[in-house]
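User: Please go through the structural labels for this model, and for each one set the value against the cut-off behind it.

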Amino acid sequence: MKQLFKSVFKTKAPGVVVVVSGLPRSGTSMMMKVLEAGGLSVLTDQIREADDDNPKGYYEFERVKQLDKGDTAWLDGAEGKVVKVISALLEHLPSEHTYRVIFMQRRIEEVLASQKKMLARRGEPTDRVSDQEMARLFAKHVQKVELWLRAQPNFSVLYVDYNRMLADPLPYVRQINQFLGGSLDEQKMAAAVDPKLYRNRGV
């Protein structure tokens, strides 16, 4: 069987914070819903409500956006829970905690298409940077983040292909469950994967 994702296990210390990460519009909200369905407690303040871009909700915690400004005290209450942290903020997670990171990967053309639609709905410009340049910048950023993650002794990382998971969720939820200790409800996790939300497909 072809390997579904790359994983690096570095620690099994107690008190783990589970982090869902990736580029914006890469399937992080879907993964948060899957983990919640499986039985994990999600850390979210529900300030950002569901809309046409994320009909099932964003699963965000606003204080995460202040990580780069030093707001990390909230992590003391995040152990044993799952929180969404975009890839650009991972390096600001404090080293005194242990993390299991589920990093979402999605076809870059779909990420760009999804972002454009979201910006257009908000009345924001969509042509400040060309798709080719954005794709280059995103690829460079992801490479940098992956290299950084490999060097962190308190991070274990599982890379999940969003596109393949939508097509066949059960093998993915099984490996995610194993990565997180094996106590989640795999059937409920698989049922939470909604292909109807796969709207920005690559050409």
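The exchange below takes up the fold, the cores, the charged pairs and the aromatic pairs in turn.

User: What should be kept in mind about the origin of the model and its numbering?

Analyst: This is a predicted model, in which local features need pLDDT of at least 70 and side-chain atom pairs count only at pLDDT 80 or more, whereas totals for chains, interfaces and linings use all residues. Residues are numbered from 1 along each chain as its sequence is written, and side-chain values use heavy atoms, with hydrogens and water left out.

User: How many helices and strands does the protein chain have, and how are they assigned?

Analyst: Helices and strands are DSSP runs numbered from the N terminus, a helix (H or I) needing at least four residues and a strand (E) at least two. The protein chain has six helices and six strands, and their order along the sequence is β-β-α-β-β-β-α-α-β-α-α-α. With contact taken as heavy atoms within 4.5 Å, 73% of the contacts between residues at least 6 apart in sequence join residues at least 24 apart.

User: What makes Phe 103 buried, Arg 63 partly exposed and Lys 69 exposed?

Analyst: The relative accessible area decides, computed with a 1.4 Å probe and protein chains only: under 20% is buried, over 50% is exposed, and values in between are partly exposed. Phe 103 has 2% and is therefore buried, Arg 63 has 36% and so counts as partly exposed, and Lys 69 has 61%, which means that Lys 69 is exposed. Of the 203 residues in the protein chain, 46% are buried.

User: How do you know that helix H1 is mostly covered?

Analyst: Eight of the eleven residues of H1 are buried, namely Thr 28, Ser 29, Met 30, Met 31, Met 32, Val 34, Leu 35 and Gly 38. H1 is followed by Gly 39, which has a positive phi near 125°.

User: What is called a nonpolar core, and which residues touch the most other members of the largest one?

Analyst: A nonpolar core is a set of buried Ala, Val, Leu, Ile, Met, Phe, Trp, Tyr and Cys residues joined through side-chain atoms within 4.5 Å. The largest has 28 residues, and Met 31, Leu 35, Met 165 and Ile 176 touch the most other members. Among the elements that each supply at least two residues are strand S2 (16-22), strand S5 (98-105) and helix H5 (169-179), while H1 gives the largest share, five residues. Apart from this core lies another, of 27 residues, including Leu 67 and Val 83.

User: Against which elements do the buried residues of H5 pack?

Analyst: They pack against H1, S5, S6, H4 and H6, and Tyr 172, Val 173 and Ile 176 are among the buried residues of H5. Leaving aside residues up to four places away in sequence, Met 165 touches residues including Tyr 172, Val 173 and Ile 176.

User: Why is the pair of Arg 174 and Glu 186 called a salt bridge?

Analyst: A salt bridge is a side-chain nitrogen of Lys or Arg within 4 Å of a carboxyl oxygen of Asp or Glu. The closest N and O atoms of Arg 174 and Glu 186 are 3.9 Å apart, and the pair meets the rule. Arg 174 lies in helix H5 and Glu 186 in helix H6, so the pair ties together parts that are twelve residues apart in sequence. In Asp 71 and Arg 63, which also form a salt bridge, the closest N and O atoms are 2.7 Å apart. The whole structure holds ten salt bridges, and a network of them links Glu 60, Glu 62, Lys 65 and Lys 84.

User: Why is one aromatic pair called tilted and another edge-to-face?

Analyst: Rings of Phe, Tyr and Trp (its six-membered ring) pair if their centres lie within 6.5 Å, and planes under 30 degrees apart count as stacked, over 60 as edge-to-face and the rest as tilted. Phe 103 and Tyr 159 have ring centres 5.6 Å apart and planes at 55°, so the pair is tilted. Phe 103 is in strand S5 and Tyr 159 in strand S6, 56 residues apart. Trp 148 and Phe 155 lie 5.3 Å centre to centre with 75° between the planes, and this pair is edge-to-face. Tyr 99 joins Trp 148 and Phe 155 in one aromatic cluster.
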